[in-house]
Amino acid sequence: MDAIFGLAQIAQVAKSLWSEGKKHKVWAFHAEMGTGKTTFIHALCEYLGVTEAISSPTFAIVNQYQGKEAGLLLHMDWYRLKDEEEAIMAGIEDHLMSGQYCFIEWPEKAAGLLPDDTFHVYLQLLDTTTRRLYTDAEAI
């Protein structure tokens with residue numbers, strides 16, 4: 001998948017991404033600070049039927065949401081983690097092995113914990129209102 005979009009198209013891109021990646025339980029969102037990882041995950045959770053408040057788990061590390069389409073969703077933000085050891089101490093491995101959908105921001109902080117079948121999603125900031133999302137690292 002390779003999509004260029006603005007905020008008006010984010011719901012459609014989230015729907016398309018779900019169609020492509022739903023067989024994977026762990027999703028790693030790669031992007032620079034301020035690119036819109038949380039905003040995109042918010043749109044994805046809304047598409048999946050989450051009705052509760054969706055927010056960044058920066059301080060909690062993990063937020064849980066109940067979605068009508070996919071059941072329990074785990075939204076993780078690993079930005080504050082120092083390394084894989086700290087991630088293990090925080091119980092991240094248990095979440096990754098839970099069989100629940102895991103949407104991870106800043107996955108590079110503990111990349112060694114990601115399962116082999118992780119679905120990697122890349123976001124790029126093209127300008128102040130336009131983003132590029134792609135799922136194949138070769139597409140850079």
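Contact here means heavy atoms within 4.5 Å. By that yardstick, and leaving aside neighbours within four places in sequence, W27 is in contact with L17, W18, G21, K22, L44, Y101, C102, F103, I104, T118, F119 and V121. The model is a predicted one, so local features need pLDDT of at least 70 and side-chain atom pairs count only at pLDDT 80 or more, while totals for chains, interfaces and linings use all residues. Residues are numbered from 1 along each chain as its sequence is written, and side-chain values use heavy atoms, with hydrogens and water left out.

Now for the sheet. Seven strands (DSSP runs of E, at least two residues, numbered from the N terminus) form an open sheet in the order β1-β7-β6-β2-β5-β4-β3, with mixed pairing; two strands pair if DSSP finds at least two bridges between them. β1 (2-5) and β3 (62-67) stand at the edges with a single partner strand each, so one side of each is left without a neighbour in the sheet. β6 (residues 119-127) and β7 (residues 130-134) pair in the antiparallel sense over five bridges, and L123 has L133 in β7 as its bridge partner.

What about the core? A nonpolar core is a set of buried Ala, Val, Leu, Ile, Met, Phe, Trp, Tyr and Cys residues joined through side-chain atoms within 4.5 Å, where buried means under 20% relative accessible area (1.4 Å probe, protein chains only). The largest one has 27 residues, and W27, F29, F40, L73 and F103 touch the most other members. Apart from it lies another core, of 17 residues, including I61, M76, A87 and I92.

Definitions and conventions
Helices (H or I, at least four residues) and strands (E, at least two) are DSSP runs, numbered from the N terminus. Buried means under 20% relative accessible area, exposed over 50%, partly exposed in between (1.4 Å probe, protein chains only).
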